[in-house]
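Reader: I would like the labels used for this model explained one at a time, with the value and the cut-off behind each.

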Amino acid sequence: MMTVYGTVGHGEPVRWAELKPEEFLRRLAERPVAYLPMGMVEPHGHAAAFGLDMIKAEYLCDEAAARFGGIVAPPQAYHIHETGFHSVWLEEVVGEVNPRLGGLPPDVVMRSLLFQLRVCVNAGFRAVIVVSGQNGAQGDLRLVAEEFMKLVPVPVVVRSDPELVRGTFPGDHAGRYELSQLLHIRPELVDMSRLDRVNSDPLGRFAQNPDAHEATAEYGEQIIEAQIAQIRGLADEAGLGTADLPTLSFDDVEPAWAAVERQRPSWVSYGSVSG
Ligand SMILES: [Zn+2]
């Protein structure tokens, strides 16, 4: 069976951006859950598109909304990078070449997420499931969610996509795991014949994992389906927050940001780790 990208069976969009008011309000009344995809452009080797992380996060959110109800919030398409352990990683797997990377400082992304949560609650959502296609900084995203929830009685769940299948499918970067995911979702964005360029191309390895040759669409489907099932469980488990809530102003949310800021030294992506 062919899956129609981002729509339910009869062709109704599930993305907030693609919904008209009538359908938005109906979907919201049926299940006031927002799925918020996060990703970025970054090197994924020679065979795969830069946007792998964003593409899979949007796909997981689209499918969850289409199958289980809810609406996909506008994505956050730039992500935390170039600080903390990420800078070490970049040096290791990309080296001196231009990574063509969509990185932002952690505080910019964290603060954006906080106010995106405000947007979701003000729009009427009573649970938010954040799915990050980029793995690594989700501890910082969860910190934002925790501080937000101290102010606003609406559950917010944050998971990176490898976390959704931890213990079942080992995650990686631009290797068997990630290329399989993309081969399943958007096969036209993968060209497996380019994998061996790591040895001859001026870009070098470009963050490609050595086991990328083992990627298959079938394995990708297993991963993705397990992740969608896990998102369903998380949304069911999270439940829904208080129905009647006042509209939150920017100022209403600032105390949560102040609390996040106070914990800056313990942020996962804080500072520039060396070595
Ligand atoms: Zn990735």
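Author: The model is predicted, and the turns below go through its metal site, overall form, salt bridges and some single residues.

Reader: What makes H44, D53 and E178 the donor residues of the zinc ion?

Author: Donors are N, O and S atoms within 2.8 Å of the metal. The zinc ion has NE2 of H44, OD of D53 and OE of E178, the last listed twice, at 1.8 to 2.6 Å. These distances fall within the cut-off, so the atoms count as donors. Along the sequence the spacing is H-x8-D-x124-E. H44 and D53 are both buried. Water is not among the atoms, so a site may look incomplete.

Reader: Why is the arrangement of the four donor atoms around the zinc ion called irregular?

Author: The angles they subtend run from 55 to 144°. A tetrahedral site needs all angles between 85 and 135 degrees, and a square planar one needs opposite donors over 155 degrees apart. The range found here satisfies neither rule, and the arrangement is therefore irregular.

Reader: How do you know that the chain is as compact as a globular protein of that length?

Author: The secondary structure consists of nine helices and six strands. The radius of gyration is 19 Å, and the globule rule gives 19 Å for 275 residues, so the chain is as compact as a globular protein of that length. The C-alpha trace spans about 60 × 50 × 30 Å along its principal axes. Of the 275 residues, 52% are buried. Among contacts with a separation of 6 or more, 80% are between residues 24 or more positions apart. The accessible surface is about 12,300 Å², and carbon and sulfur atoms hold 53% of that.

Reader: Why is the pair E12 and R27 called a salt bridge?

Author: Side chains of opposite charge can pair when their charged atoms come close. The rule asks for a side-chain nitrogen of Lys or Arg within 4 Å of a carboxyl oxygen of Asp or Glu. In E12 and R27 the closest N and O atoms are 3.1 Å apart, so the pair qualifies. E12 is in the segment before α1 and R27 is in helix α1, 15 residues apart. By the same rule the count comes to 17 salt bridges.

Reader: Are E12 and R27 buried or exposed?

Author: Buried means under 20% relative accessible area. E12 has 9%, so it is buried. R27 has 6%, so it is buried as well.

Reader: What makes R31 and D236 a salt bridge, and how does each partner stand in accessibility?

Author: Their N to O distance is 2.9 Å, and the limit is 4 Å; the pair therefore counts. R31 is in the loop between α1 and β1 and D236 is in helix α8, 205 residues apart. R31, at 17% relative accessibility, is under the 20% limit and so is buried. D236, at 47%, is between 20% and 50% and so is partly exposed.

Reader: How do you know that R67 and E225 form a salt bridge?

Author: Their closest N and O atoms are 2.9 Å apart, which is within 4 Å and therefore meets the rule. R67 belongs to helix α2 and E225 to helix α8, with their positions 158 residues apart in sequence. R67 has 37% relative accessibility, so it is partly exposed. E225 has 28%, so it is partly exposed too. In another part of the chain, salt bridges that share partners join E12, R26, R27 and E30 into one network.

Reader: What is notable about phi in E82 and F206?

Author: Phi of E82 is near 70°, a positive value in a residue other than glycine. F206 is not a glycine either, and its phi is about 50°. E82 lies in the loop between β3 and α3, while F206 lies in the loop between α7 and α8. The relative accessible area of E82 is 47%, so E82 is partly exposed. F206 has 5%, so F206 is buried.

Reader: Why is R264 called partly exposed?

Author: Its relative accessibility is 23%, which is over 20% and not over 50%, so the label is partly exposed. R264 is in the segment after α9. Leaving aside neighbours within four places in sequence, R264 is in contact with D107 and Y270.

Methods
Residues are numbered from 1 along each chain as its sequence is written. Side-chain values use heavy atoms; hydrogens and water are left out. Donors are N, O and S atoms within 2.8 Å of the metal (3.2 Å for Na, K and Ca); water is not among the atoms, so sites may look incomplete. Four donors count as tetrahedral if all angles lie between 85 and 135 degrees; four count as square planar and six as octahedral if opposite donors are over 155 degrees apart and all others between 65 and 115; anything else is irregular. Buried means under 20% relative accessible area, exposed over 50%, partly exposed in between (1.4 Å probe, protein chains only). Helices (H or I, at least four residues) and strands (E, at least two) are DSSP runs, numbered from the N terminus. The radius of gyration is taken over C-alpha atoms; the globule rule is 2.2 Å times the number of residues to the power 0.38. Contact means heavy atoms within 4.5 Å. Accessible areas come from the Shrake-Rupley method with a 1.4 Å probe; for residues, only the protein chains shown count as cover.
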